[in-house]
Amino acid sequence: MIYVDADACPVKPEILKVAERHGIEVTLVANSGLRPSRDPMVKNVIVSNAFDAADNWIAEHAGPGDIVVTADVPLAGRCVAAGALVTGPTGRVFDVANIGMVTAMRDLGAHLRETGESKGYNAAFSPRDRSAFLETFDRLCRRAKAHNSPGGQP
């Protein structure tokens, strides 16, 4: 299963295309409306507008062998802890080897913005980011399929 933190996700079309090629179900989770899909392999879940409602839903459902796509570092950490394969929309992989450092850097950035030391501008999403995502996502789909096959390994 692929879980997508779908609010403001810039790579939804790419996710759907690659998932279809691999035959993996996709669940798009959002606080607001999503365009319905006729594809039976795509499910939309609309959660309340409560703070972190989409994140909490994904974290409660994602587990070993699942893929999660999110730019949210705390959600990525929760999903990595649950054994999921996690990537951001720029193709950055979050795993047990890097999630601690990624979380620390996120917290440091938040502190610097709060103290006025940093303006905290994020770079615009680029074609290079989209390409990196596609490469990473295809690799994670192959890993997930291997993990979920009989006798598969993570």
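In the predicted model, Glu14 is in contact with Arg130, Phe133 and Leu134, when its neighbours within four places in sequence are left aside. With Arg130, the association includes a polar contact between the two side chains, at 2.8 Å. Glu14 belongs to helix H1, which comprises residues 12-22. The relative accessibility of Glu14 is 14%, and the residue therefore counts as buried, the criterion being a value under 20%.

Helix H3 spans residues 73-81, and its buried residues are Val73, Leu75, Ala76, Cys79 and Val80. Viewed down the axis of H3, these buried residues are confined to an arc of 155 degrees, so they line one face of the helix. Both ends of this helix show further local features. At the start of H3, the backbone nitrogen of Leu75 is approached to within 2.7 Å by a side-chain oxygen of Asp72. Leu75 is thus linked to two descriptions, being one of the buried residues of H3 and also the residue whose backbone nitrogen is reached from Asp72. Just after H3, Gly83 adopts a positive phi of about 95 degrees.

A nonpolar patch is found on the surface, where Met101, Met105 and Leu108 together make an area of about 320 Å². Of these residues, Met105 is placed in helix H4, which runs over residues 99-114.

Conventions: Residues numbered from 1 in each chain as written. Predicted model: local features only at pLDDT ≥ 70, side-chain atom pairs only at ≥ 80, totals over all residues. Heavy atoms only, no water. Helix = DSSP H or I, 4+ residues; strand = E, 2+ residues; numbered from the N terminus. Buried < 20%, exposed > 50% of the residue type's maximum accessible area, 1.4 Å probe, protein only. Polar contact = N/O pair within 3.5 Å; in protein donor to acceptor, adjacent residues only side chain to side chain. Contact = heavy atoms within 4.5 Å. Patch = residues over 30% accessible without salt bridge, like charges linked within 9 Å, V, L, I, M, F, W, Y side chains within 5 Å. Areas by Shrake-Rupley, 256 points an atom, 1.4 Å probe, with all protein chains shown as cover. Salt bridge = Lys/Arg side-chain N within 4 Å of Asp/Glu carboxyl O. Arc of directions from axis to C-beta.
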